[in-house]
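Biologist: Could you walk me through this model, starting with how much of the chain is hidden inside?

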Amino acid sequence: RANLELRLSIQTHVPPLPHAVEQCLYRVTQEATANVAHHANARTLTVELTFDGDIVLKVGDDGMGFDPRQAEATGHFGLTGMRERAALVGGVLDVSSEPETGTLVQMTIKDYTK
């Protein structure tokens with residue numbers, strides 16, 4: 001619906017994860033990709049999921065970017081909700097973006113053990 005090229009990279013071996021972690025990964029990906037489709041005016045959406053002691057989810061785009069501090073200050077709750085979801089499973093959410101440079105949303109759960 002957003003006419004995006006998807007670049008998807010999911011590690012071949014995915015360890016079993018608790019339902020809460022799976023749900024968090026799904027919902028953060030869902031919100032981040034919806035933001036790209038609705039706001040970024042991007043051509044490419046990249047989703048990457050890796051497990052190497054840490055669980056790292058990256059959702060990026062080549063769109064118009066934004067100032068994350070300004071978005072949260074103006075009452076847009078998508079980023080806040082993603083941060084809260086990440087924290088509930090011991091993760092941290094970082095957003096890197098600037099106008100005209102695209103956006104990268106990264107959720108990391110350090111030293112993940114079942």
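Modeller: Happily! This is a predicted model, where local features need pLDDT of at least 70, side-chain atom pairs count only at pLDDT 80 or more, and totals for chains, interfaces and linings use all residues. Residues are numbered from 1 along each chain as its sequence is written, and side-chain values use heavy atoms, leaving out hydrogens and water.

Biologist: What percentage of the 114 residues count as buried?

Modeller: Buried means under 20% relative accessible area, with exposed over 50% and partly exposed in between (1.4 Å probe, protein chains only). Of the chain's 114 residues, the share that counts as buried is 35%.

Biologist: In what order do the elements run from the N terminus?

Modeller: Helices (H or I, at least four residues) and strands (E, at least two) are DSSP runs, numbered from the N terminus. The chain has 3 helices and 5 strands. Their order is β-α-β-β-α-α-β-β.

Biologist: Which element gives the most residues to the largest nonpolar core?

Modeller: A nonpolar core is a set of buried Ala, Val, Leu, Ile, Met, Phe, Trp, Tyr and Cys residues joined through side-chain atoms within 4.5 Å. The largest one holds 26 residues, and Leu25 is among those touching the most other members. Elements giving two or more residues include β3 (55-61) and β5 (103-109). The top contributor, with 7 residues, is α1.

Biologist: Which residues does leucine 25 touch, beyond those up to four places away in sequence?

Modeller: Contact means heavy atoms within 4.5 Å. Setting aside residues up to four places away in sequence, leucine 25 touches Leu17, Leu49, Ile55, Leu57 and Met107.
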